[in-house]
Structures are given as structure tokens and as C-alpha cells.
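User: I am new to this structure and would like to learn how to read it feature by feature. Could we go through it together, starting once it is in view?

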Amino acid sequence: MMKKHDGSKPSERTVEVEVQPHPYSVIIGAGVLDTLGPRVGRLVKGRRAFVVTDENVDPLYAEQALASLREGGFEAAVQVVPAGDATKSLETLAKLYDAVAEAGIDRTCPVIALGGGVVGDLTGFLAATWMRGVPFVQCATTVEADVDASVGGKTAVNHPLGKNMIGSFYQPVLVLIDTATLRTLSERDFRAGLAESVKHAVIRDGEFFTWHEEHADTLIACDLESLGELLERNVRIKAEIVAQDEREVTGVRALLNFGHTIGHAIETGMARRGDPWRHGEAVAVGMIAAAHMSVRAGMLDHASAERITALVGRIGLPVNAPLAAAREEMWQLMRLDKKSAAGKIRFVLAEKIGRAVLREQIEPAWIEAGLDSVLV
Ligand SMILES: NC(=O)c1ccc[n+]([C@@H]2O[C@H](COP(=O)([O-])OP(=O)(O)OC[C@H]3O[C@@H](n4cnc5c(N)ncnc54)[C@H](O)[C@@H]3O)[C@@H](O)[C@H]2O)c1
Ligand SMILES: [Zn+2]
């Protein structure tokens, strides 16, 4: 693809995330990874860069990122971590601190995540805490990271008690979303990431939900033009919510948890049974449960819940989970969820496709109805 004289690509899309005091840009397009070095070079003073990637992404894209960093005048070090959520740990982090020290990364030097949400969350927390904060750059390479994890500044590692228990809010200085990297993603990971896109549509944009129904086939075929539009619309929704409520205090950002309370319980439940699901798969089922809870609560019409189920199914995501025997465990897991406040389980429920609300007063019967709709 041709480069314009400022180093940008002709077909790229840009979304500004208006968080204070440092707004940042999200650049979306095929091949934008080639622009990493020059762009970061304009944002930071230091000329040493530290890249974290995982063992699957390393052979595919690390050289491309490094070549661009050299072009931008950087001397770059790369650290490769194992793939998978278990890498989001204090043990991995301890090794990364040793490596950034050895690479001579000081407060002026960028720390760059190259990978999916796992690498992004881990590297973000590294950048947030090394020397109390160094410039953080995200190069997202999965749909999950593109539509959700890379924007918004939530960084974390896991604790044995639960996922993402140790972390901080720390915004990047730049996010690059190279759509061409999605071509090598496994079909399972690709589809799982689309669940978060359906979520954004359900909570914020009914027309975008219809767009998903119309474009389901081209999306599944990984058509880069449709994907570009999908990613831009997702980043805009996420950016708007994050700008309104960066640290999840007013309740607006909590709407992003639609489908996640039962979803996280399913995710943990499946992992404990030795059949770990992708986060997006569990969220897909969690959204169907939340939709049926909303129907039971008298907030949503049944036809809308059916539309959500149908779209999830068309994308090739699960519409139920084999955890009927684990109902009590699901309840326990939901009580442990970080979204619980003062021991009460809070839920994001839908009023219609395109609008969701955070509800504090939840009848147990609604939760039972949600579980009934998805546990088999
Ligand atoms: N910070 C947030 O706001 C936020 C939001 C959503 C999810 N998350 C976190 O994100 C994580 C899940 O992210 P994920 O689904 O991206 O998982 P992931 O990072 O594990 O990536 C999925 C798999 O795809 C591989 N991969 C990545 N890019 C590839 C590519 N272009 N080609 C081929 N293979 C590739 C990875 O090695 C991995 O095996 C979870 O830890 C979740 O908690 C964070
Ligand atoms: Zn999620």
C-alpha cells in the first residue's frame, strides 16, 4: 500500500480518545503497523523502545514492528512471553521488569504491546508501574483487542482469586489497529472478538446492531473493508463511553459490562472443567442470559432477546453453555465478581437494542431466568 508523505496510509481511519489530560489517537487500517516507529518518534523523546509480544505473534509481526521502529530512529528490544491468559501474572511481570531495566528504559522511552488483549493488559500494567509510568503504545492484533481491550486504559494481571484483580487505569499515548494482522488470527479467536462488537451495538447503537445483521457474512469472511468500518464504529463507541467515565465512577462505563457478569462465571466454570472458552464466547452466552433477564424484568421485549440470540448464532458463537449442573457455582462466582458492590450483584440490562442501564436492585428470579435461558 502506498504511503502518504506524512507516513500515513491512504485508507486509514482515525478516532481521537478525548481523555484528559492526554487525549490520544487510535489509527485503524491495513498496514498501519508499518507506521509505528515514525509515529511514536513524534510522541516521545527517548530513543530506546521496549516491545512485548507473545510466542504466536512474534514470528508473524515482530520484525515488521522492529523495522518500523528502526525507521523511526529507535533502538528496540523485544521480550516474548508465552501465549495465553496465564501469562497475565505477577511472575511474568517480574521478568519483564528485569528486562526493561536491562534495556535501559527510562521515563522518556516507549513500552509497546504487540498482540492481543493478554499482551496489551500485561504490557499496559508494566508501562503504568515501571518508574511510575512510561509512555505506553498498543499495537493490537486480535479482534478482541481492536474493539475493546486496546482502548480505554484498563491494564491488569490476574490473581489466583480472580481475573484482572491487580491493575490500574493507564491510558496509552497511541493505539495502532492493523486490520491486515487479523488475517492470521484463528477463526475461533476472530469470531470470539466479534461478541464485544455485538455488545457495543446492544448497549449503545440499535442501527449498528442492524448493520451487524446485514454484514454478518462479509464479516465472518474477514472482508477488510467491512472490518475497518466495524472497528472504527466500535472504537468510537468505546472512546465516547471512556471519555465520559474514564474510571468507572458515574456508571456509564459500567454499561460495557453487559453480558459479563454471567459471562465471567461461565468463563471460569468452563476453565475449571478443563474446556476453557474464549472470553468472547462466554460473553456471547452471557449477553443472551442478560437479554432474557431483561425480558423477565419487564424491560425488553422477547423478540429483541431472540434477535440477539440469532445474531450471536449467525456469527458462529455459542448460544448456551453446558453448565446446568453448576448452577450453585455460577451464583458463587457472580457474588465474587468485581462488579458486585457491597455484596450486591449489579447487572447491566437492556431496555431495547441500542440502550442499556445499570440496575442495582436485581430480583434473584431474574437471574434464574437468565441462567435458565443458557445453561444446558
Ligand atoms: N483492558 C480491557 O479493557 C480488556 C477488554 C477486553 C478483554 N481484555 C483482556 O483481553 C484478554 C483476551 O484478549 P484476546 O482475546 O486478544 O486474547 P489473546 O491476547 O490471548 O489472543 C488470542 C490468541 O491469538 C493469538 N494471536 C494474537 N494476534 C494474532 C494474530 N494476528 N495472528 C495469529 N494469532 C494471533 C495469541 O497468541 C493468542 O493465542 C483477556 O485477558 C481479557 O481479560 C481486556
Ligand atoms: Zn469483554
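User: Into which domains is the protein divided?

Analyst: A reading can begin with the domain bounds, and in this predicted model the protein is divided into domain 1 (13-185) and domain 2 (188-374). The C-alpha centres of domain 1 and domain 2 lie 26 Å apart, and the contact between them takes 25 residues from domain 1 and 25 residues from domain 2.

User: Which elements give two or more residues to the side of domain 1 that touches domain 2?

Analyst: Those elements are β1 (13-17), β2 (24-29), α5 and β8, and of these α5 gives the most, with five residues. Sorted by class, this side of domain 1 has 13 nonpolar, six polar and six charged residues.

User: How should I read the largest nonpolar core, and which of its residues touch the most other members?

Analyst: It helps to ask which members are best connected and then where the members come from. The core holds 118 residues, among which Val111, Leu114, Cys139, Val202, Met287 and Ala290 touch the most other members. Helix α10 (residues 279-296) supplies the largest share, eleven residues, and at least three residues of the core come from each of domain 1 (13-185) and domain 2 (188-374).

User: With which residues is valine 202 in contact, leaving aside its neighbours within four places in sequence?

Analyst: Valine 202 is in contact with Phe209, Phe258, Met287, Ile308, Ala350, Ile353 and Ala356.

User: Which residues come nearest to ligand 1?

Analyst: For a ligand, one can look at the nearest residues and then at the make-up of the shell. Of the 29 residues around ligand 1, Asn56, Gly116, Gly117, Thr142 and Glu144 come nearest, while the elements that give two or more residues to the shell are α4 (117-129), α5 (143-149) and β8 (162-169). By class, this shell has eight nonpolar, twelve polar and nine charged residues.

User: How do I read a strand, and why is strand β3 described as largely enclosed by the rest of the structure?

Analyst: In a regular strand the side chains alternate between the two faces of the sheet. Strand β3 (residues 48-54) is largely enclosed by the rest of the structure because six of its seven residues are buried. β3 pairs with strand β4 (residues 75-81) in the parallel sense over seven bridges, and valine 52 stands opposite glutamine 79 in β4.

User: Why is methionine 334 counted as partly exposed?

Analyst: Exposure is read from the number of surrounding C-beta atoms, where 20 or more within 10 Å would make a residue buried and 12 or fewer would make it exposed. Methionine 334 has 18 other C-beta atoms within 10 Å, and therefore it is partly exposed. Methionine 334 is found in helix α12 (residues 327-336), and, not counting residues up to four places away in sequence, it touches Thr261, Ile262, Ala265 and Ile345.

User: What should I look for in the backbone, and which residues does a cis peptide bond join?

Analyst: The backbone angles are worth checking one by one. A cis peptide bond, with omega about 0°, joins glutamine 20 and proline 21, and proline 21 lies in the loop between β1 and β2. Phi of methionine 131 is near 50°, a positive value in a residue other than glycine, and methionine 131 is found in the loop between α4 and β6 (136-140). Phi of cysteine 222 is near 60°, again in a residue other than glycine, and cysteine 222 is found in the loop between α7 (206-220) and α8 (224-244).

How values were computed:
Residues are numbered from 1 along each chain as its sequence is written. Chains are lettered from A and ligands numbered from 1 in the order in which they are written. This is a predicted model: local features need pLDDT of at least 70, side-chain atom pairs count only at pLDDT 80 or more; totals for chains, interfaces and linings use all residues. A nonpolar core is a set of buried Ala, Val, Leu, Ile, Met, Phe, Trp, Tyr and Cys residues joined through C-beta atoms within 7 Å. Helices (H or I, at least four residues) and strands (E, at least two) are DSSP runs, numbered from the N terminus. Domain bounds come from an automatic or database domain assignment. Two residues are in contact if their C-beta atoms, placed from the backbone, lie within 7 Å. A residue is near a molecule or strand if its C-beta atom, placed from the backbone, lies within 6 Å of it. Ala, Val, Leu, Ile, Met, Phe, Trp, Tyr, Cys and Pro count as nonpolar, Asp, Glu, Lys and Arg as charged, and the others, Gly among them, as polar. Two strands pair if DSSP finds at least two bridges between them.
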